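Please open the model in a viewer and keep the sequence panel visible. The tour below proceeds by selection, from one stop to the next.

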Amino acid sequence: MKKTILATAILLAGAANAAEVYNNEGTTVSLGGSFRGHVAVQDSDNVKFEDAGSRFDIKASKELDDGVKAFGQMEVKYKDVNSVDTLYINNAFVGLSHDVYGTVALGKQMGLNDDAFLYDFSYEHGNIYNEDNALFGSDSEDQLKYTKAFGGASVVVSLMDQDTYAIGGTYEVAGLSLVASYNIANDRVDANKVKTDNSTYVVGASYVLDSLTLGAVYTASEVGKADNSAYGLGANYALGQASVYVMFDATSSDTKADERTELVIGADYELVKDVKAYVEYGSTNPEIGKTDDAVFLGGRVYF
């Protein structure tokens, strides 16, 4: 999933492959995104040729007085829902930034939890227990988010509503990256239409040593009266334009149906700049139910 620390800062700077389509008197507009497709193979009787989450985004910024910048972004993604093609807005927010006072963004956006899973090098797998989980306020949600950088560190505070908030931070030094976040989400309605008070914390770390990147994450949560925990480990090794990676994660829960282990092995190759092909094998072994094995052959074109 190629997580990146401090997504807000990257949005302000502009993605490396985004194209600037307008620039006039301090106002800039850029367009970016990716086309994604894969072949999903579970067995000889279950082969699918599908889009794999293609998306595009529009970013705009305006230089104001006294070092203040106004910005906005909208990201539109594709998904297939019950064989019906659907476009939906994954992110849409506006904000203000200042080099000294930090950045504030308002609207639908990901929380810091999404950046904490630093072990996750996969394209198709790696959805450890509560990543992007609305029960914890860690999904793409409407929120007011404030980010302040202090050299190699940052603090992030998010307010989703009067009952849901999050606080966390990041730190980077000499190839080491650390991320921690804590979420409180009260009065959330679960799949059984029951209102619950929930909390979760996530701690992630990665270390880059030449061509090798190592990552780990630990998360623990409470949904109502049920306790859950999970950990993930991953490694990625770059070989010129190619890389190979392996990941393992496991969950523990008071609800046996939520327990599983997952192993992912994959490799990718950059054919030319911003064009990648990959092959990935994943095996998910739930506590209850059958093991799910799948191989994905995919490609992405970034623009």
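Which residue takes a positive phi in the hairpin of S13 and S14? Select Gly224: its phi is near 65°, and the hairpin has 2 residues between the strands. Strands here are DSSP runs of E with at least two residues, numbered from the N terminus.

Before continuing, note that this is a predicted model, in which local features need pLDDT of at least 70 and side-chain atom pairs count only at pLDDT 80 or more, while totals for chains, interfaces and linings use all residues. Residues are numbered from 1 along each chain as its sequence is written, and side-chain values use heavy atoms, with hydrogens and water left out.

**The hairpins**

Display strand S13 (residues 212-223) together with S14; the two run antiparallel and are joined by 12 bridges. Strands count as paired if DSSP finds at least two bridges between them. Leu212 has Tyr237 of S14 as its bridge partner.

Next, add S15, which pairs with S14 over 12 bridges, again in the antiparallel sense. Here Gly234 is bridged to Met247 in S15. These strands form a hairpin with 2 residues between them, and Gly240 in the turn has a positive phi of about 65°.

**The aromatic pairs**

Now show the aromatic side chains; 6 aromatic pairs are found in the whole structure. Rings of Phe, Tyr and Trp (its six-membered ring) pair if their centres lie within 6.5 Å; planes under 30 degrees apart count as stacked, over 60 as edge-to-face and the rest as tilted.

Select Tyr123 and Tyr278: the ring centres are 4.3 Å apart and the planes at 5°, so this pair is stacked. Tyr123 lies in the loop between strand S7 (102-109) and strand S8 (141-150), and Tyr278 in strand S17 (residues 275-286), so the pair ties together parts 155 residues apart in sequence. Both Tyr123 and Tyr278 are buried (under 20% relative accessible area with a 1.4 Å probe, protein chains only; exposed is over 50%, partly exposed in between). Adding Tyr245 completes a cluster of Tyr123, Tyr245 and Tyr278 linked by ring pairs.

Return to S14 and S15 and select Tyr231 and Phe248, a tilted pair with 6.3 Å from centre to centre and 50° between the planes. Tyr231 is partly exposed at 37% relative accessibility, and Phe248 is partly exposed at 32%.

**Confidence**

Finally, colour by pLDDT, the predictor's confidence in each residue from 0 to 100. The protein chain averages 88, and 92% of the residues score at least 70.

Definitions and conventions: Helix = DSSP H or I, 4+ residues; strand = E, 2+ residues; numbered from the N terminus.
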